[in-house]
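Me: Please take a close look at one part of this model for me: how its strands are put together. Go piece by piece, and keep it brisk.

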Amino acid sequence: MHRMGVVGAGTMGIGVAQLFAEGGYDVVLVDTADDILERARTEIARNVRMMPLVRPSAPRRRPEEVVGRIRFTTDLTRLNRAEYVVENVTEQWEVKRPLYRELDDVCPPDACFGVNTSAIPITRVASLTGRPARVVGTHFMNPAPLMPTVEVIRGHHTSEETIERTTALLDDVGKDHVVVGDSPGFVTNRVLMLTVNEAVFLLHEGVASAAEVDRLFKECFGHAMGPLETADLIGLDTVLRSLDVLHDGFGDPKYRPCPLLRRLVDAGLLGRKTGRGFHSYEPGHAAPAIPRGDQRGD
Ligand SMILES: NC(=O)c1ccc[n+]([C@@H]2O[C@H](COP(=O)([O-])OP(=O)(O)OC[C@H]3O[C@@H](n4cnc5c(N)ncnc54)[C@H](O)[C@@H]3O)[C@@H](O)[C@H]2O)c1
């Protein structure tokens with residue numbers, strides 16, 4: 001396999017495209033606008049340049065070589081020769097649904113689709129296509145080039161051959177995997193999203209500040225990041241949409257998103273990608289964005 005398609009050039013698509021380009025694959029990266037693709041090009045080059053600082057043991061690569069293996073395009077029909085497509089568009093059924101119909105028309109019939117979703121069941125996505133046996137969940141962790149393991153989700157119709165192609169592909173780019181069954185949120189996000197949501201409720205109720213919540217997880221449990229820092233890394237919009245999927249999928253009120261989370265998303269404070277979320281990532285603004293005791297509204 002040589003030709004990869006990557007759809008969506010946001011937080012995840014950028015990392016996934018970089019991963020496969022670094023692995024020597026020819027990548028077609030598709031998004032909806034040229035400025036998004038231009039930002040993706042700049043960010044991938046920067047991330048490749050920074051890699052030796054972040055991971056000194058990683059092989060040295062030239063940014064222009066990695067970026068040179070990626071074709072940046074708004075034209076989905078450029079995926080007409082893709083052998084494997086990883087989809088990373090916005091976590092919204094209304095966005096994913098029409099896309100899969102188009103992908104199914106455009107891509108070769110034997111191409112596999114790896115669905116990089118946080119919570120949407122793979123069986124539901126596969127039903128949009130005429131190739132449900134070739135649709136599989138490839139839940140990459142963020143940032144994709146750095147995190148060692150991918151959660152691979154077997155949908156109801158996913159074939160053994162598709163699982164084998166997927167795990168061989170991941171092996172080839174140095175990723176380990178764990179194969180799990182299909183369920184909203186799979187294993188990782190069914191647990192993680194509840195934890196994040198509960199942490200937001202603690203903040204909402206004024207029990208602790210964002211910095212205090214995160215410190216407790218890092219210093220008491222030895223976690224690399226606290227739940228609110230994790231939410232900022234994922235993107236608060238993606239967290240909210242994942243909770244909505246879990247809430248709808250199980251009909252269980254325990255997944256009800258905290259009103260504070262919804263308010264921050266409405267306010268455009270989406271975490272690292274916008275510079276502010278539960279914490280601030282803007283230069284010179286080290287203080288938490290949400291002070292302790294925020295119990296307003298909602
Ligand atoms: N952020 C995370 O930590 C994380 C981790 C694992 C999986 N995911 C999943 O990956 C997917 C992408 O998440 P993200 O965080 O990168 O989101 P994002 O909002 O950062 O990026 C989504 C991108 O998809 C593009 N897009 C929307 N519709 C499109 C279309 N029809 N064709 C092509 N591009 C389109 C948008 O322009 C945007 O650039 C989601 O399903 C999310 O749940 C996210």
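Reply: Two strands count as paired if DSSP finds at least two bridges between them. Keep in mind that the model is predicted.

Begin with the overall layout. Eight strands form an open sheet, in the order β3-β2-β1-β4-β5-β6-β7-β8. The pairing is mixed. At the edges are β3 (70-73) and β8 (176-181), each of which pairs on one side only. From one strand to the next, the twist averages 25°.

Now take β1, residues 3-7. Is this strand covered or open? It is mostly covered, with 4 of its 5 residues buried. On one side, β1 is joined to β2 (residues 26-30) by 5 bridges, and the two run parallel. To find the register, look at G5, which stands opposite V28 in β2. Helix α1 (residues 11-22) belongs here too: β1, α1 and β2 make a right-handed β-α-β unit.

β1 also pairs with β4, residues 84-87. This pairing is parallel and has 4 bridges. V6 has V86 of β4 as its bridge partner.

Move on to β4 and β5. They are joined by 4 bridges and run parallel. Y84 stands opposite C112 in β5. Helix α4 (residues 93-106) goes with these strands, and β4, α4 and β5 make a right-handed β-α-β unit.

β5 (112-115) deserves a pause. In a regular strand, side chains alternate between the two faces of the sheet. Look for that along β5: C112 and G114 point one way, while F113 and V115 point the other. All four residues are buried.

Next comes β6, residues 135-139. Over 3 bridges, β5 and β6 pair in the parallel sense. The bridge partner of F113 in β6 is V135. So F113 can be used twice: as a residue pointing the other way from C112 and G114, and as a marker of the register with β6.

Strands of a sheet pair through backbone hydrogen bonds, either parallel or antiparallel. Which sense holds for β6 and β7? Here the strands run antiparallel, and 3 bridges join β6 to β7 (residues 149-154). T138 is matched with V152 in β7 as its bridge partner.

One helix belongs in this part of the picture. Helix α6 (residues 160-172) lies across β4, β5, β6, β7 and β8. Its direction is about 170° to that of β7. That makes α6 roughly antiparallel to β7, because angles over 145 degrees count as such.

Finally, set this against the annotation. UniProt, in an unreviewed entry, gives residues 4-182 as "domain: 3-hydroxyacyl-CoA dehydrogenase NAD binding". Over that span the chain is 40% helix and 21% strand. Its end C-alpha atoms are 24 Å apart. The unreviewed entry also annotates residues 185-281, as "domain: 3-hydroxyacyl-CoA dehydrogenase C-terminal". That span is 62% helix and 0% strand. Its end C-alpha atoms lie 28 Å apart.

Note on methods: Residues are numbered from 1 along each chain as its sequence is written. This is a predicted model: local features need pLDDT of at least 70, side-chain atom pairs count only at pLDDT 80 or more; totals for chains, interfaces and linings use all residues. UniProt positions are given in the numbering used here, feature names are shortened, and annotations may be inferred rather than shown by experiment. A residue is buried if 20 or more other C-beta atoms lie within 10 Å of its own, exposed if 12 or fewer, and partly exposed in between; C-beta atoms are placed from the backbone. A crossover is right-handed if, with the strands pointing away from the viewer, the path from the first strand over the helix to the second runs clockwise. Axes are lines fitted to C-alpha atoms, for helices over the stretch in contact, and angles run from 0 to 180 degrees between N-to-C directions. Two residues are in contact if their C-beta atoms, placed from the backbone, lie within 7 Å.
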